[in-house]
Amino acid sequence: MRSLSNIFWLGTKELRSFLHDYVLIGLVIYAFSFAVITAAQSNSQELHNASIAIADEDHSHLSHRIAEAFMPPLFQPPQIIAVPDIVPLMNAGKFTFVIDIPPNFERDVLGGRYPEIQVDVDATAMVQAGLGAGDAQQIITNEISAFLSQTEQVPLSTVNLVVRIAFNPNVTTSWFTSVMGIINNVTMLAIIMSGAAIIREREHGTMDHLLAMPLTPFEIAMSKVWANGLVITVAVGLSLYVVVRAILGIPISGSIPLFMVGVVIYLFFATAIGIFLGTVTRSMPQLGLLFMLVFLPMNMLSGSNTPLESMPSWLATVMEASPSTHFVSFAQAILYRGASFSIVWPQFVEVAVVGGLFFGLALWRFRSVAAQVN
């Protein structure tokens, strides 16, 4: 009971230190608000409101159908331009796509002569150019097929392919990047805050005072884990409810409280890394350098940016031992697919076991450093 009391009061001391560190408070607020909004809105991977013009040299029923098929939200309403204006307008950046329909296009289609439509693309808008070229081809092909089926009473196809996209019907990038931004920031801030807490004690000389008291290294380390973990847990909950749901309007399919339980379990691992790095380094600049070496591989190889299936088999096997991989996996399962506890509990256990082992390693290192100080 005395040990729990010591951990509690030491943790409240950490919270008071955090509340007086305005730079760290600003970092937490930014990481779970503006950074999430920026990641959701500035990294779009789908075609949206692409500018397009039509140079219609045929003026037929089919050419009008093709022009009317380009509609929002993929494309802006098409502008009709003359053929000589194509190059000047594209050089001026007025349009990303220009569809040039040649003369006698409808007659040649009906005659089976396979006429060509020219699609000019401004590839300086790289993402929209790559996506829009395929969308434009599909739209034109569908309109020609529908026109021929109505004109010559030919069925469109013997196979009717129906595509249904689960969990994200419009394949909106922000639905993915916003939540992944929160997940990545959990790891980042847990390492930084817990490691900075150790460095701050050593730089200010208060570590000597703590060790001179009737306190154990376990109590000191656990106080930093629960205090910093509480700050991050509250920030994650507010970010999901306020930023993701209310401001961005992104639906969450699963249970946020269940996800928060997983966050608490994962924080034992992430804060243990911070404590371990705090005992290895002697200053904040050194902590920052080691943080980059540890966080970037964990972030890039956890599955939040690249699926494990796309990695070499040996690397995917290695990353299966990392709690960050399982954290990303059960976060996606809960928040995207609405998975229940019966589905994600094995990953909870894996994160807890590996996180506990690493916390034991960090505690052993912390005891060694404390013994050297004494």
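**Close-up views of a predicted model**

The structure, a predicted model, holds 15 aromatic pairs.

**Figure 1. The stacked ring pair Phe259 and Phe327.** The ring centres of Phe259 and Phe327 lie 6.2 Å apart and the ring planes meet at 15°; planes under 30 degrees apart count as stacked, so this pair is stacked. Phe259 sits in helix H11 (residues 256–280) and Phe327 in helix H14 (residues 323–335), so that the pair links distant parts of the chain, 68 residues apart. Phe259 is buried, at a relative accessible area of 1%. Phe327 is also buried, with a value of 1%.

**Figure 2. The aromatic cluster that contains Phe259 and Phe327.** Ring pairs join Phe259, Tyr266, Phe269, Phe276, Phe327, Phe330, Phe341, Phe348 and Phe358 into a cluster. Two members of the cluster recur in later views: Phe276 is touched by Ala362, and Tyr266 is touched by Thr187.

**Figure 3. Surroundings of Ala362 in helix H15 (residues 341–373).** Ala362 has a relative accessibility of 1% and therefore counts as buried, the limit being under 20%. With residues up to four places away in sequence set aside, Ala362 touches Ala272, Ile275 and Phe276. A further reference point is Gly278: its C-alpha lies 9.5 Å from that of Ala362, while the two residues are 84 residues apart in sequence.

**Figure 4. Surroundings of Thr187 in helix H8.** Thr187 counts as buried, with 6% relative accessibility. Which residues does Thr187 touch, not counting those up to four places away in sequence? They are Tyr266, Phe295 and Met298. Of these, Tyr266 also belongs to the aromatic cluster of Figure 2.

**Figure 5. Packing of helix H2 (residues 22–31) against helix H8 (residues 173–204).** Two packed helices are described by the angle between their axes and by the distance between those axes. For H2 and H8 the angle is about 170° and the axes are 11 Å apart. Angles over 145 degrees count as roughly antiparallel, and H2 is therefore roughly antiparallel to H8. On the H2 side, the contact is made by Leu24, Leu27, Val28 and Ala31. On the H8 side, Asn185, Met188, Leu189 and Met193 take part. By class, the residues of this contact comprise seven nonpolar, one polar and no charged; Asn185 is the polar residue.

**Figure 6. Lys94 in the loop between helix H5 (86–91) and strand E3 (97–101).** Lys94 is exposed, with a relative accessible area of 53%, where the limit for exposed is over 50%. Leaving aside neighbours within four places in sequence, Lys94 is in contact with Ser51 and Leu89. The C-alpha atoms of Lys94 and Ala53 are separated by 9.2 Å, and the two residues are 41 residues apart along the chain.

**Figure 7. Overview of the protein, for locating the close-up views.** The protein has 15 helices and four strands. Its radius of gyration is 28 Å, well over the 21 Å that the globule rule gives for 374 residues, so the protein is more spread out than a compact globule. Taken along the principal axes, the C-alpha atoms fill a box of roughly 95 × 45 × 40 Å. Buried residues make up 47% of the 374 residues. Among contacts with a separation of 6 or more, 78% are between residues 24 or more positions apart.

Definitions and conventions:
Residues are numbered from 1 along each chain as its sequence is written. This is a predicted model: local features need pLDDT of at least 70, side-chain atom pairs count only at pLDDT 80 or more; totals for chains, interfaces and linings use all residues. Side-chain values use heavy atoms; hydrogens and water are left out. Axes are lines fitted to C-alpha atoms, for helices over the stretch in contact, and angles run from 0 to 180 degrees between N-to-C directions. Helices (H or I, at least four residues) and strands (E, at least two) are DSSP runs, numbered from the N terminus. Angles under 35 degrees count as roughly parallel, over 145 as roughly antiparallel, 65 to 115 as roughly perpendicular and the rest as oblique. Contact means heavy atoms within 4.5 Å. Rings of Phe, Tyr and Trp (its six-membered ring) pair if their centres lie within 6.5 Å; planes under 30 degrees apart count as stacked, over 60 as edge-to-face and the rest as tilted. Buried means under 20% relative accessible area, exposed over 50%, partly exposed in between (1.4 Å probe, protein chains only). The radius of gyration is taken over C-alpha atoms; the globule rule is 2.2 Å times the number of residues to the power 0.38.
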